[in-house]
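Here are my notes on the model you sent over. I've kept to the ligand site and the cysteines.

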Amino acid sequence: MYADKCILTGVKPTGKPHIGNYFGAIKPAIEMGHQAQRFNLFIADYHAINFMKAPELLQKEIKEIACIYLAAGLKPETDYFYRQSDIPEINEITTILYAFTPKGFMNKSHAYKACVERNLAENKPADDGVNMGLYTYPTLMASDILAMDTDIVPVGKDQIQHVEIARDIAGAVNAYYDKELLKLPEYVTADNVAVLPGTDGRKMSKSYNNVIPIFEDEKVIKKAVYSTVTDSKPIEEPKNPDDVIVYQIYKCIASAQKAEEMAQGLREGKLGYGHTKAMLLDAVLNEVREAKEVYDYYMAHYDEACGFLEEGAAKARPYAQKTLQRLKETLFG
Ligand code: ADP
Ligand code: TRP
């Protein structure tokens with residue numbers, strides 16, 4: 001389905017993922033990318049400086065995210081894995097795209113609007129703390145996508161609008177010069193991927209503090225798993241698995257057969273919550289054991305990961321150079 005396509009996605013270096021991010025976004029994006037002819041995955045470091053300015057912190061986050069993606073199955077030899085800031089043409093293309101970006105698009109953009117709404121709710125001026133990087137974020141994101149002749153962008157629901165903006169900007173450029181200078185990208189959301197509940201039963205999310213972390217020590221993961229909310233029914237009382245949060249998380253990561261075993265044990269009053277938590281912990285640790293080894297390896301040998309990023313930039317950069325050249329030849333005659 002994607003065999004002749006370029007799939008591209010960008011990740012902001014923002015903290016270690018939880019199992020919801022890992023199974024709900026990171027793994028599915030890589031699996032989809034590996035069905036494509038070319039898979040570009042880049043670390044969006046210019047986007048990150050809008051909200052993270054301390055160099056040490058930024059470097060730490062970039063290192064972590066690079067190791068996480070390598071651990072999650074990225075293939076650095078065949079995939080295009082790079083840092084956004086290693087492709088300076090992206091920024092030059094952004095400048096060109098500004099001339100075709102209606103200011104109204106930026107006013108409506110999701111990331112900026114959320115910030116304004118937060119400010120107003122706190123009785124602050126609407127644009128408090130808003131820098132131009134945040135305000136014009138969708139144009140840089142459009143350049144990330146358009147520079148690389150991208151066909152498909154796998155995204156979470158919150159990013160759909162940004163891909164639509166990229167498509168509209170590309171359409172405006174093409175229409176003005178009456179030729180296909182930029183490829184129109186499409187977004188894909190992974191609808192078949194389950195939303196993992198967190199330890200309190202709401203959607204697992206950093207902002208709810210209900211996460212099970214993934215690339216942490218076993219002790220930290222155990223503590224999170226055992227904090228999953230349960231009621232006080234004794235072991236022998238039959239339980240409806242749909243009401244048991246531990247089971248709801250478990251069935252998203254364990255095999256169908258194992259999930260059914262837990263469901264049956266709960267229905268028949270043969271499994272207590274302590275058992276189910278031990279099973280969940282086992283499943284989390286098993287699912288990520290290999291990945292954690294790869295993660296630990298690259299954290300200890302980061303120079304190798306940096307080598308991959310440099311090679312990836314060398315492979316990806318010619319695409320951006322060609323796009324820029326095409327634009328400049330047409331724009332400046
Ligand atoms: P958080 O809610 O923890 O801040 P983000 O909004 O940064 O997570 O989400 C990053 C990616 O992970 C998005 O693509 C999102 O769809 C996915 N994701 C986040 N939470 C979950 C979850 N509980 N289940 C499945 N996918 C998730
Ligand atoms: N905006 C995306 C996010 O917040 C990250 C990103 C930057 C991106 N540029 C991109 C995603 C290009 C897809 C394509 O998660």
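1. Terms before the cysteines: buried means under 20% relative accessible area, exposed means over 50%, and partly exposed is what falls in between. Bear in mind, too, that this is a predicted model.

2. With those cut-offs, where do the two cysteines fall, at 11% for cysteine 115 and 23% for cysteine 252? Cysteine 115 counts as buried because its 11% is under 20%. Cysteine 252 has 23%, which lies between 20% and 50%, so this one is partly exposed. As for disulfides, the structure has zero.

3. On to ligand 2 and its polar partners. Tyrosine 137 puts a polar side-chain atom 2.5 Å from a nitrogen of the ligand. Aspartate 144 also faces a ligand nitrogen, with a side-chain N or O atom at 2.8 Å. For lysine 12, a side-chain N or O atom sits 3.3 Å from an oxygen of ligand 2.

4. How much of ligand 2 does the protein bury? On its own the ligand exposes 370 Å², and 89% of that is buried by the protein.

5. Which elements build the shell? Strand E1 (6-11) and helix H8 (137-146) are the ones giving two or more residues. H8 has the largest share, with four residues.

6. By class, the shell splits into six nonpolar, four polar and two charged residues. Among the residues surrounding ligand 2 are Leu8, Phe42, Met141, Ile145 and Val153, along with Thr9, Gly10, His47 and Gln159. Lys12, Tyr137 and Asp144, the contacts from point 3, belong to this shell as well.

Key:
Residues numbered from 1 in each chain as written. Chains lettered and ligands numbered in written order. Predicted model: local features only at pLDDT ≥ 70, side-chain atom pairs only at ≥ 80, totals over all residues. Heavy atoms only, no water. Near = heavy atom within 4 Å. Polar contact = N/O pair within 3.5 Å; in protein donor to acceptor, adjacent residues only side chain to side chain. Areas by Shrake-Rupley, 256 points an atom, 1.4 Å probe, with all protein chains shown as cover. Nonpolar A, V, L, I, M, F, W, Y, C, P; charged D, E, K, R; others polar. Disulfide = S-S within 2.5 Å. Buried < 20%, exposed > 50% of the residue type's maximum accessible area, 1.4 Å probe, protein only.
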